Structure formats: structure tokens, C-alpha cells
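Subject: Handover of a structure, with notes

Hello,

Here is the structure I said I would pass on. My notes come after it.

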Amino acid sequence: MFGRMLNKDPGRDRFVRLYTANHQQMLRLAVQILGPGPKAEDAVHDAFVKLIRHFDQLWEKPEDRISGWLAVVVKNSALDILRKEQRETELDAKEWEPAVPADEGEFHALVALIRGLPEDYRRVLELRFVAEWSLAEIAQELVLTEGAVKTRIFRGRRLLIDQLRKEGYLDGRACI
């Protein structure tokens with residue numbers, strides 16, 4: 001799909017014109033949001049990839065309208081990168097305030113058990129039970145279906161319960 005557009009002279013020429021005319025302005029906009037560096041460059045790159053994907057739909061539009069569209073796309077790409085970066089930072093133990101006062105060593109041991117879960121399960125459990133995200137929010141963030149999120153929560157809880165039992169925290173009781 002992409003190669004077809006760029007292999008044709010008119011399409012390639014128009015893309016090069018749009019790139020040359022807009023790249024610096026788009027990079028400045030991305031830097032305002034993300035600061036200088038590779039993340040801002042990634043946002044600009046993402047915007048141009050979207051241009052290529054939608055090139056057939058945008059072909060008839062004047063280049064100044066496409067420039068405006070590109071500015072909106074790079075802004076949204078930069079904001080997406082910023083949001084993803086903020087969400088991906090691992091939750092600190094400070095954010096894991098226990099519901100009831102517990103022995104600090106025991107609390108840290110429990111957090112270590114949770115952090116020891118496979119990443120797919122740990123991340124979903126943190127988002128659901130610590131950050132209190134909805135299933136839809138988790139699905140959107142992790143690019144999964146809600147059904148897949150439910151499955152990971154179920155399996156993650158089961159793994160955590162098994163670990164808690166092995167460590168002697170449950171003594172045969174049901175929990176979570």
C-alpha cells in the first residue's frame with residue numbers, strides 16, 4: 001500500500017513537498033509538548049506515517065489543508081506518547097497504600113510478589129486494582145479486547161493467589 005503511493009511520481013513528489021514544507025514546524029510543535037529528543041521525532045514520524053496511510057483520501061485536498069491536518073496529527077501523536085509514558089511508569093510502592101496498617105516488611109514482600117508476576121498479568125492487575133481503571137480503559141491502553149483483559153485479570157489473580165498460598169499468606173482462605 002505505502003510503496004504504491006511512493007513509487008508513483010506525482011504521489012512521491014507531493015509527499016516530498018509536504019514533508020519539506022511541514023517537517024520543521026511539526027518538529028517544533030512536538031518539541032513544545034515532549035521536549036527535544038527522540039520522542040518528538042517519533043511523534044513527527046508517526047504523523048507522516050499516518051499521512052502515507054491516508055494519502056489516497058487526502059490526495060484531492062489542497063496542501064495547506066493537509067498541513068493543518070498534519071499539525072493536528074503530530075500534536076495528537078505527541079500527546080499519545082506523553083500519556084503512554086506517564087501510564088507506563090511503574091507504580092511505586094508508595095502508591096500501594098495498604099488498606100489496613102500492616103507490618104512494613106510484610107507489605108513490601110506482598111508488593112514484591114505482585115511485581116514478580118509475568119508482565120502481562122502484573123500490568124493488568126496494577127491498572128485494574130491499584131489505579132482503578134475500567135476494563136475499557138485497560139483494553140484501549142494495552143491494545144487488547146475487553147475479553148482479553150478479563151482473562152488476564154482472572155489468570156493474574158489466580159497466579160497471585162497461588163503465590164500468596166506458597167508464601168503462607170492465605171492459609172487456605174479465599175481472597176481477592
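The notes below go from the whole chain to single helices and then to single residues.

Please keep in mind that this is a predicted model.

Overall make-up

The protein chain has nine helices and zero strands, so the order of elements from the N terminus is simply α-α-α-α-α-α-α-α-α. Of its 176 residues, 31% are buried. The surface it exposes comes to about 11400 Å², with carbon and sulfur atoms supplying 52% of that. As for contacts between residues at least 6 apart in sequence, 58% of them join residues at least 24 apart.

Helix α3 and the aromatic pair

Helix α3 covers residues 38-53, which is 16 residues. From first C-alpha to last it reaches 22 Å, close to the 22 Å expected at 1.5 Å a residue. Its buried residues are A40, A43, V44, A47, F48, L51 and I52. An α-helix has 3.6 residues a turn, so residues three or four places apart point the same way.

F48 also takes part in an aromatic pair. The count of such pairs comes to one. The partners are Y19 and F48, in a tilted arrangement with 4.7 Å centre to centre and 45° between the planes. Y19 sits in helix α2 (residues 9-34) and F48 in helix α3, 29 residues apart, so the pair links distant parts of the chain. How do the two partners stand in terms of burial, buried or partly exposed? Y19 has a relative accessible area of 36% and is therefore partly exposed, whereas F48 counts as buried because its relative accessibility is 5%, below the 20% limit.

The second largest pocket

The second largest pocket holds about 370 Å³ of space. Twelve residues line this pocket, and the closest to its centre are D80, K84, Q140, E141 and V143. Which helices each supply at least two residues of the lining? They are α3, α5 (63-88) and α8 (135-142). The largest share, six residues, comes from α5.

V143, one of the residues closest to the pocket centre, belongs to the loop between α8 and α9. V143 is not a glycine, yet it has a positive phi of about 55°. Its relative accessible area is 72%, so V143 is exposed.

Helix α5 at E63

E63 lies in helix α5. With a relative accessibility of 26%, E63 counts as partly exposed. Setting aside neighbours within four places in sequence, E63 is in contact with R14, R17 and L18. E63 and R17 are 46 residues apart in sequence, and their C-alpha atoms are 9.0 Å apart in space.

Helix α7

Does the span of helix α7 agree with what its length should give, or disagree? Helix α7 (residues 119-130) has twelve residues, which should span 16 Å at 1.5 Å a residue; its end C-alpha atoms are 15 Å apart, so the two values agree. Buried in α7 are Y121, R122, R123, V124, L125, E126 and L127. Just after α7, E132 takes a positive phi of about 60°.

Helix α9

Two residues of helix α9 (residues 146-166) are worth a note here: V149 and L164.

V149 counts as buried because its relative accessibility is 0%. Not counting residues up to four places away in sequence, V149 touches V124, L135, I138, A139 and L144. Among these, V124 is one of the buried residues of α7. V149 and A139 are ten residues apart in sequence, with 6.2 Å between their C-alpha atoms.

L164 has a relative accessible area of 8% and is therefore buried. Its C-alpha atom is separated by 8.1 Å from that of L110, and the two residues are 54 apart along the chain.

Points to look at when you open the file

- The tilted pair of Y19 and F48, at 4.7 Å centre to centre.
- The second largest pocket, with D80, K84, Q140, E141 and V143 closest to its centre.
- The positive phi values at E132, about 60°, and at V143, about 55°.
- The contacts of E63 with R14, R17 and L18.
- V149 and its contacts, including L135 and I138.

Regards

Technical notes:
Residues numbered from 1 in each chain as written. Predicted model: local features only at pLDDT ≥ 70, side-chain atom pairs only at ≥ 80, totals over all residues. Heavy atoms only, no water. Helix = DSSP H or I, 4+ residues; strand = E, 2+ residues; numbered from the N terminus. Expected span 1.5 Å × (residues − 1). Buried < 20%, exposed > 50% of the residue type's maximum accessible area, 1.4 Å probe, protein only. Contact = heavy atoms within 4.5 Å. Areas by Shrake-Rupley, 256 points an atom, 1.4 Å probe, with all protein chains shown as cover. Phe/Tyr/Trp six-rings, centres within 6.5 Å; stacked < 30°, edge-to-face > 60°. 1 Å grid on protein atoms, 1.4 Å probe; cavity = no way out; pocket = protein on both sides within 12 Å on 5 of 7 lines; lining within 4 Å. Points joined across faces, edges and corners; volume = space filled by probe spheres on them.
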